[in-house]
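Take a walk through this protein chain, from its overall plan to its details. Keep the sequence and the model in view as you read.

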Amino acid sequence: MLKKIPGFLTFVLALSLTTLTHAQVTTSAINGTVTGTKGEPLQGATVTAVHLPSGTKYTTLSKKGGVFNMPGLRAGGPYTVTVNFVGYKPQVTDNITLALGE
């Protein structure tokens, strides 16, 4: 009986740490799909988000299906998001605000 208690306590501690790490979300993300004028997905488009108060710049490329993901962004805003793709004019969206964990 005594040997089983330390194992059980280790399990409870590990479970508690897992729960605590999920509860401490401190960032946001921007996800989306880049499409062309005819609605076709654009793979390889450059997506840049700039957090205006700090000047922090985040950049990613759209993947297969035009899908992009920018995790780890500062919560709040405003952000300006620019999408660039060869043969298209840059598309800019201003005044984006991100909620914590969004």
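Helices and strands here are DSSP runs, numbered from the N terminus. The model is a predicted one. Read from the N terminus on, the elements of the protein chain follow the order α-β-β-β-β-β-β. That comes to one helix and six strands. The chain has 102 residues, and 23% of them count as buried. Consider also the contacts between residues at least 6 apart in sequence: 51% of these join residues at least 24 apart.

Now turn to the interior. In soluble globular proteins, nonpolar side chains tend to be buried together. The largest nonpolar core here holds 14 residues. Those with the most contacts inside this core are I30, V34, V47, A49, M70, L73 and Y79. Three elements give two or more residues to the core: β2 (46-51), β4 (67-74) and β5.

M70 is a good place to look around. Leave aside residues up to four places away in sequence, and M70 still touches S28, A29, I30 and N31 among others. The list of its partners also includes V47, T48 and A49. Y58, T59 and T60 are on the list as well.

One of those partners, T60, deserves its own stop. T60 is found in strand β3. Its relative accessibility is 15%, so T60 counts as buried, the limit being under 20%. Beyond its neighbours within four places in sequence, T60 is in contact with A45, T46 and V47. T60 also meets F68, N69 and M70.

Next come the aromatic rings. How many aromatic pairs does the count give? The count comes to two. Y58 and Y79 form one pair: their ring centres are 6.4 Å apart and their planes stand at 45 degrees, so the pair is tilted. Y58 lies in strand β3 (residues 56-61) and Y79 lies in strand β5, so this pair ties together parts that are 21 residues apart in sequence. Are these two residues buried or exposed? Y58 has 17% relative accessibility and therefore counts as buried. Y79 is buried too, with a relative accessible area of 0%.

F85 and Y88 also form an aromatic pair. The distance is 5.9 Å centre to centre, the angle between the planes is 55 degrees, and the pair is tilted. F85 is partly exposed, with a relative accessible area of 26%. Y88 is partly exposed as well, at 31%.

Now look for open space. Rolling a probe the size of a water molecule over the atoms shows where empty space is left. The largest pocket has a volume of about 250 Å³. Its lining is made of 18 residues. Which of them lie nearest its centre? They are V34, T35, V83, N84 and Q91. The lining divides into ten nonpolar residues, seven polar and one charged. At least two lining residues come from each of β1 (27-33), β5 (76-84) and β6 (91-98).

Two of the residues nearest the pocket centre, N84 and Q91, are worth a visit. N84 lies in strand β5. At 32% relative accessibility, N84 counts as partly exposed. Outside its neighbours up to four places away in sequence, N84 touches A45, T46 and P90. The C-alpha atom of N84 is separated by 9.2 Å from that of G44, and these residues are 40 apart along the chain.

Q91 is found in strand β6. Setting aside residues up to four places away in sequence, Q91 touches V81, T82 and V83. Between the C-alpha atoms of Q91 and V81 the separation is 8.2 Å, and the two residues are ten apart along the chain.

Finish with the backbone. Most residues other than glycine have a negative phi, and most peptide bonds are trans. Where is there a cis peptide bond? The bond from G77 to P78 is cis, with omega near 5 degrees. P78 has its place in strand β5. N95 brings a positive phi, near 60 degrees, in a residue other than glycine. N95 lies in strand β6. Its relative accessibility is 62%, so N95 counts as exposed.

Terms used. Residues are numbered from 1 along each chain as its sequence is written. This is a predicted model: local features need pLDDT of at least 70, side-chain atom pairs count only at pLDDT 80 or more; totals for chains, interfaces and linings use all residues. Side-chain values use heavy atoms; hydrogens and water are left out. On a 1 Å grid over the protein atoms alone, a cavity is a set of points where a 1.4 Å probe fits but cannot get out, and a pocket is an open set with protein on both sides within 12 Å along at least five of seven lines; lining residues have an atom within 4 Å of a point. Grid points are joined across faces, edges and corners, and a volume is the space filled by probe spheres set on the points. Helices (H or I, at least four residues) and strands (E, at least two) are DSSP runs, numbered from the N terminus. Ala, Val, Leu, Ile, Met, Phe, Trp, Tyr, Cys and Pro count as nonpolar, Asp, Glu, Lys and Arg as charged, and the others, Gly among them, as polar. A nonpolar core is a set of buried Ala, Val, Leu, Ile, Met, Phe, Trp, Tyr and Cys residues joined through side-chain atoms within 4.5 Å. Buried means under 20% relative accessible area, exposed over 50%, partly exposed in between (1.4 Å probe, protein chains only). Contact means heavy atoms within 4.5 Å. Rings of Phe, Tyr and Trp (its six-membered ring) pair if their centres lie within 6.5 Å; planes under 30 degrees apart count as stacked, over 60 as edge-to-face and the rest as tilted.
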